[in-house]
Amino acid sequence: MLTGIPCTLMRGGTSKGLYFHAADLPSERGLRDRVLLAAMGSPDVRQIDGAGGAHPLTSKVAVISRSTRADADVDYLFLQVVVDRAEVSDSQNCGNILAGVGPWTIENGLVPVAGATTPVRIHMVNTGSLAVAHVRTPQGAVEYEGDARIDGVPGTAAPIPLEFLDVAGSSSGSLLPTGSVTDDFEGIEITCIDNGMPVIIVRAADLGVTGAESPAQLETNAALVAKVERLRLAFGPRMNLGDVTRKTVPKISLVSAPRHGGSISTATFIPHRVHEAIGVLGAVSVATACAIPGSVAAQVAQRKGDASKRLEVEHPSGFFSVDVEVERGDSFVVRGAALLRTARKILRGDVFIPGAVWSRA
């Protein structure tokens, strides 16, 4: 007999996934992961027998509960359900799926409406860091419709400003996890940074491409893919991430001069597919690197040196505006990072799991 589990299918930023209350999932991790694999239809490249969309950006899960922390409203655990392997990863945050956490939290009664806009303080369990989502709630309910537009998503929606309070070094332990602004890999200069997402930044030209290629062109460049993976495996341990062979971090961002009036152009391996846009926290990390003199990103960016500027991070489907402030004393300190996302509730109901995987009885 099939087992039904309440959930909401939502778009968060440029990603899409299932949002669950933690109490509705098994508490034992192995069983929970098997349930989520069945819910998404993994492992299968089409995910034809589940709710997944056959791409890493549409095979994501948010698990939400009342927070165990006094300084947060809710705990948000992000889980990446791998499309073609029986694997569920909690090795990173997801700032796109984060955009839907505030609306979901309010609609599910975990945070009361606080006026025309309701702030939701979110503990991102994956890294122990905090974010605040500012959700429009006129007339006492979440408003999804509005005039905010983000690249990578058709149409418009209500804006959801996100503030990141303490994400520097959240995965690797420090903003510059190798201790250096730049490092050398096979004669190539790179920058390793973690302001919410561990990212290795490298010039596209140093890898034999322009950076203007489509995600599909980059993914089918076998020599490029092999070198990117060598870089990732070599510097994962140096970024305090351990053996990253089966992890979804670090990301690799190929940077080049902006082409459309922005600050810097990016193409990002996430890590084995190329993002159709760029992840929220990946964009924050790249923008932060642009504000650090001497980094690969700062060398490439057209606006550099002024750490208080808004940075426009170009990506394959548009650009991403990031407000970041970095101060330099004995070390670099991030004083603030914020950006705008949108979200949409698509469907609410039960996702059904084969009884052989899990039965509540």
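Biologist: Quick one to start: does Cys7 count as buried or exposed?

Modeller: Cys7 counts as buried, at 8% relative accessibility. Bear in mind that this is a predicted model.

Biologist: Okay. And how many disulfides does the structure hold?

Modeller: Zero disulfides.

Biologist: Why no bond for Cys7?

Modeller: Because the closest cysteine sulfur, in Cys94, is 17 Å from the sulfur of Cys7, and that is too far for a bond.

Biologist: And which cysteine sulfur is closest to that of Cys290?

Modeller: That would be the one in Cys192, 15 Å from the sulfur of Cys290, so again too far for a bond. Cys290 is also buried, with 2% relative accessibility.

Biologist: Let's switch to packing. How many residues are in the largest nonpolar core?

Modeller: It has 83 residues. Among those with the most contacts inside it are Tyr76, Phe164, Leu254 and Ile264. Helix H5, residues 280-290, supplies the largest share of this core, eight residues.

Biologist: What does Ile264 touch, beyond its neighbours in sequence?

Modeller: Leaving out residues within four places in sequence, its contacts include Val255, Pro258, Val286, Cys290, Ala297 and Val313. So the buried Cys290 from before turns up in contact with Ile264.

Biologist: What's in the second core?

Modeller: That one is separate and has 22 residues, including Leu31, Ala39, Met40 and Ile353.

Biologist: Aromatics next. How many aromatic pairs are there?

Modeller: One. Phe185 and Phe235 pair edge-to-face, with 6.4 Å centre to centre and 75° between the planes.

Biologist: Where in the chain do Phe185 and Phe235 sit?

Modeller: In distant parts of it: Phe185 is in strand E9 (residues 183-185) and Phe235 in helix H4 (residues 222-235), 50 residues apart. Both Phe185 and Phe235 are buried.

Biologist: Now charges. How many salt bridges does the structure hold?

Modeller: There are 18. One of interest involves strand E9 again: the side chains of Asp183 and Arg238 meet at 3.4 Å, N to O. Asp183 lies in E9 and Arg238 in the loop between H4 and strand E12, so this pair ties together parts 55 residues apart in sequence.

Biologist: Is Asp183 buried or exposed?

Modeller: Asp183 is buried, with a relative accessible area of 10%. Its partner Arg238 is partly exposed, at 42%.

Biologist: And which residue does Asp323 bridge to?

Modeller: To Arg310, at 2.7 Å, N to O. Asp323 is in strand E15 and Arg310 in strand E14, so the pair ties together parts that are 13 residues apart in sequence. Asp323 is partly exposed at 32%, and Arg310 is partly exposed too, at 44%.

Biologist: Which residues are joined into a salt-bridge network?

Modeller: Arg29, Arg32, Asp33 and Asp90 are joined into one network by salt bridges that share partners.

Biologist: Different topic: Asn96. Where is Asn96 placed?

Modeller: In helix H2, residues 95-107. Asn96 is buried, with a relative accessible area of 1%.

Biologist: What does the Asn96 side chain pair with?

Modeller: With the side chain of Arg341, through a polar contact of 2.9 Å. Beyond four places in sequence, Asn96 also touches residues including Gly12, Gly13, Thr14, Ser15 and Ile278.

Biologist: Last bit, backbone oddities. Which peptide bond into Pro250 is cis?

Modeller: The one from Val249, with omega near 0°. Pro250 is found in the loop between H4 and E12. There is also a cis bond from Ile270 to Pro271, with omega near 5°, and Pro271 is in the loop between strand E13 and H5.

Biologist: Why do you flag those as oddities?

Modeller: Because most peptide bonds are trans, and most residues other than glycine have a negative phi.

Biologist: So what is the phi of Ala54?

Modeller: It's positive, about 65°. Ala54 is in the loop between helix H1 and strand E3, and is partly exposed at 30% relative accessibility. Glu186 also has a positive phi, near 50°. Glu186 lies in the loop between E9 and strand E10, and at 46% relative accessibility counts as partly exposed.

Definitions and conventions
Residues numbered from 1 in each chain as written. Predicted model: local features only at pLDDT ≥ 70, side-chain atom pairs only at ≥ 80, totals over all residues. Heavy atoms only, no water. Core = buried A, V, L, I, M, F, W, Y, C linked by side-chain atoms within 4.5 Å. Buried < 20%, exposed > 50% of the residue type's maximum accessible area, 1.4 Å probe, protein only. Helix = DSSP H or I, 4+ residues; strand = E, 2+ residues; numbered from the N terminus. Contact = heavy atoms within 4.5 Å. Phe/Tyr/Trp six-rings, centres within 6.5 Å; stacked < 30°, edge-to-face > 60°. Disulfide = S-S within 2.5 Å. Salt bridge = Lys/Arg side-chain N within 4 Å of Asp/Glu carboxyl O. Polar contact = N/O pair within 3.5 Å; in protein donor to acceptor, adjacent residues only side chain to side chain.
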